[in-house]
Amino acid sequence: MGLHPAPKVYVVDDDGSIRFAMQTLMKSNGIGVETFATAEAFLESFRPEYAGCLVLDIHMPGMSGLDLQEILRQKEVSIPIIFFTAQGSVPIAVHAVKKGAVDFIEKPFECKDLLERVREALRLDAESRQRKNECVSIACRLASLTPRESEVMDRIIAGRLNKIIAEELHICIKTVEAHRARVMEKMRVDSVAELVRITLGARGADTPPSPHHA
C-alpha cells in the first residue's frame, strides 16, 4: 500500500479567477492545494482517506456546494468544509455551518483571514484523524484479549480488587494477577486509570461496566 497524499486544501469553485487566486495563495504559503471547477469533478477525484480541508463555493452551476456537503455527510466523509459565500448569502452559509461546515467566508476575501481559517480547518482534520487512528488501535488491542482476559479487564475497570475478581471468576489470585499483567501489556497501559480512560473512550461509555457477581 502506498502512502496517502499529504494534507491539501481542496478548492471547488466555478470561478476560474478564484481557483487561480487560491492556488497561488496556498502554494506561496507552503500549503498543498488542488482545485476543481465543479463539485462533480471533486467527487470523482477525492477519496475519504485524503487528509485536508475543503473550500467550497455555495452557488455553482449543476451540483451546488450545499448539495456536495449533503452527499459527503451521507457518505460519512468528515472533511472540514469552509464555504465561500457572496454578499446576501450569509443566512445560507449559517445554515451550512449548522449542518456541519466548520466556517464560511464572504467574497471578496482577505488573504490573511482565509489563511487563518484554512490552517484551523487543517488542524481540526489532523486531530480528528489522530483520534480515529487511536480508536482503531485500541479496538485492535481489545480484540487481542482472550475471553478470560476480557472478563478480568471488565472487573479491573469496574474497580474490583484481585481477591474479589478471583472469587467472582472462581480462580486463584495468582491467576488473576497473571491475567491482569497480560491485560496491561496487551492494552499498552501502565496504570488502571489509563486503562479505564482508553477502554471507555473506545466503547463510548460514560461509566465503567459493572459485571454482576457470580
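This is a short walk through a few local features of one structure. Keep in mind that the model is predicted.

Let me start with the aromatics. The structure holds six aromatic pairs. Take Phe-36 and Phe-42. Their ring centres are 5.5 Å apart and their planes stand at 80 degrees, so this pair is edge-to-face. How buried are the two partners? Phe-36 has a relative accessible area of 9%, so it is buried. Phe-42 is at 0%, and it counts as buried too.

Next, Phe-46 and Tyr-50. This aromatic pair is also edge-to-face, with 5.8 Å centre to centre and 90 degrees between the planes. Phe-46 is buried, at 8% relative accessibility. Tyr-50 is at 22% and counts as partly exposed, because the cut-off for buried is under 20%. Now put these residues together. Phe-36, Phe-42, Phe-46 and Tyr-50 join Tyr-10 in one aromatic cluster.

On to helix H3, residues 65-74. Which of its residues are buried? Gly-65, Leu-68, Gln-69 and Leu-72 are. They span an arc of only 105 degrees around the axis, so they sit on the same side of H3. What covers them? The cover includes two helices, H2 (39-45) and H4 (90-98), and two strands, E3 (52-57) and E4 (81-85).

Strand E3 brings us to Asp-57, which lies in that strand. Asp-57 is a charged residue, and it is buried, with a relative accessible area of 6%. What does Asp-57 touch? Leaving out residues up to four places away in sequence, the list is Val-12, Asp-13, Asp-14, Gly-65, Phe-83, Phe-84 and Lys-107. Notice Gly-65 there. Gly-65 is also one of the buried residues of H3.

Notice Lys-107 as well. The peptide bond from Lys-107 to Pro-108 is cis, with omega near -10 degrees. Pro-108 sits in the loop between strand E5 (103-106) and helix H5 (111-143). Why point it out? Because most peptide bonds are trans, and most residues other than glycine have a negative phi.

That second point takes us to two more residues. The first is Glu-76. Glu-76 is not a glycine, yet its phi is positive, about 60 degrees. Glu-76 follows H3, in the loop between H3 and E4. At 71% relative accessibility, Glu-76 is exposed.

The second is His-170. His-170 is likewise a residue other than glycine with a positive phi, near 60 degrees. Where is it? His-170 lies in the loop between H7 and H8. Buried or exposed? His-170 counts as exposed, at 66% relative accessibility.

That leaves the two helices on either side of this loop. Two packed helices are described by the angle and the distance between their axes. Here are both values. The axes of H7 (residues 162-169) and H8 (residues 173-186) come within 9 Å and cross at roughly 105 degrees. H7 is therefore roughly perpendicular to H8. Which residues make the contact? From H7, they are Asn-162, Lys-163, Ile-165 and Ala-166. From H8, they are Ile-173, Val-176, Glu-177 and Arg-180. By class, this contact has four nonpolar, three charged and one polar residue.

To recap, briefly. Five aromatic residues form one cluster: Tyr-10, Phe-36, Phe-42, Phe-46 and Tyr-50. The buried residues of H3 lie on the same side of the helix. Asp-57 is buried in the model. The bond from Lys-107 to Pro-108 is cis. And H7 crosses H8 at roughly 105 degrees.

Key: Residues numbered from 1 in each chain as written. Predicted model: local features only at pLDDT ≥ 70, side-chain atom pairs only at ≥ 80, totals over all residues. Heavy atoms only, no water. Axes fitted to C-alpha atoms, helices over the stretch in contact; angles between N-to-C directions. Helix = DSSP H or I, 4+ residues; strand = E, 2+ residues; numbered from the N terminus. Parallel < 35°, antiparallel > 145°, perpendicular 65-115°, else oblique. Contact = heavy atoms within 4.5 Å. Phe/Tyr/Trp six-rings, centres within 6.5 Å; stacked < 30°, edge-to-face > 60°. Buried < 20%, exposed > 50% of the residue type's maximum accessible area, 1.4 Å probe, protein only. Arc of directions from axis to C-beta.
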